[in-house]
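Here is a quick tour of one protein chain, from its overall build down to a few individual residues. Have a look at the fold first, then read on.

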Amino acid sequence: MDGGVVYAEYETNLTFDDCMIVNNTAMDQGGVFYALSKSSVSVGSSTLLNNTATIGGVAYVGMKTSILLSNNSNLVHNRAHMDGGTVF
């Protein structure tokens, strides 16, 4: 399964502010976010901690897709078993 918290596709636009996103797992891609097809994910003033996936511990981002992680966010101890410890 992809996207431990969110699977965004087909021009989906999501914003997460002041969130604590902790201990999520995706068996395949994107421990927290899996985003494709002109989607966008914005994360501000949040903590993303101990999230895991095979590829992209926090996020897997496909073509024509964007993810914005503000400098007010903390990304701590997120891991991927193969590629992209935080973002792939």
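Residues 24 or more positions apart account for 83% of the contacts in the protein chain, counting contacts with a separation of 6 or more. Keep in mind that this is a predicted model. What elements is the chain built from? It has twelve strands and zero helices, so the run from the N terminus is simply β-β-β-β-β-β-β-β-β-β-β-β.

As for overall dimensions, the radius of gyration is 11 Å, close to the 12 Å that the globule rule gives for 88 residues, so the chain is as compact as a globular protein of that length. Its C-alpha atoms fill a box of roughly 30 × 25 × 15 Å along the principal axes. Buried residues make up 39% of the 88. The accessible surface comes to about 4,800 Å², and carbon and sulfur atoms own 50% of that.

Now for the aromatic rings. The count comes to four aromatic pairs, and two of them are set out here.

| Pair | Centre to centre | Angle between planes | Geometry |
|---|---|---|---|
| F16 and F33 | 5.3 Å | 50° | tilted |
| Y34 and Y60 | 5.2 Å | 15° | stacked |

The F16 and F33 pair links distant parts of the chain: F16 sits in strand β2 (residues 13–17) and F33 in strand β5 (residues 33–35), 17 residues apart. Both of these phenylalanines are buried. The Y34 and Y60 pair also bridges distant parts, with Y34 in strand β5 and Y60 in strand β9 (residues 59–61), 26 residues apart. Y34 and Y60 are buried too. Ring pairs also tie Y34 and Y60 into a cluster with Y7 and F88.

Two loop residues deserve a look as well. G57 is found in the loop between β8 (52–55) and β9. Is G57 buried or exposed? Its relative accessibility is 0%, so G57 counts as buried. Leaving out residues up to four places away in sequence, G57 touches G31, V32, N51, T52, R79, A80, G84, G85 and T86. G31 is 26 residues from G57 in sequence, yet their C-alpha atoms are 4.8 Å apart in space.

The other one is S46, in the loop between β6 (40–44) and β7 (47–49). S46 is buried because its relative accessible area is 2%, and the cut-off for buried is under 20%. With residues up to four places away in sequence again set aside, the contacts of S46 include F16, from the tilted pair. S46 also touches D17, D18, C19, N72, S73 and N74.

Terms used: Residues are numbered from 1 along each chain as its sequence is written. This is a predicted model: local features need pLDDT of at least 70, side-chain atom pairs count only at pLDDT 80 or more; totals for chains, interfaces and linings use all residues. Side-chain values use heavy atoms; hydrogens and water are left out. Rings of Phe, Tyr and Trp (its six-membered ring) pair if their centres lie within 6.5 Å; planes under 30 degrees apart count as stacked, over 60 as edge-to-face and the rest as tilted. Helices (H or I, at least four residues) and strands (E, at least two) are DSSP runs, numbered from the N terminus. Buried means under 20% relative accessible area, exposed over 50%, partly exposed in between (1.4 Å probe, protein chains only). Contact means heavy atoms within 4.5 Å. The radius of gyration is taken over C-alpha atoms; the globule rule is 2.2 Å times the number of residues to the power 0.38. Accessible areas come from the Shrake-Rupley method with a 1.4 Å probe; for residues, only the protein chains shown count as cover.
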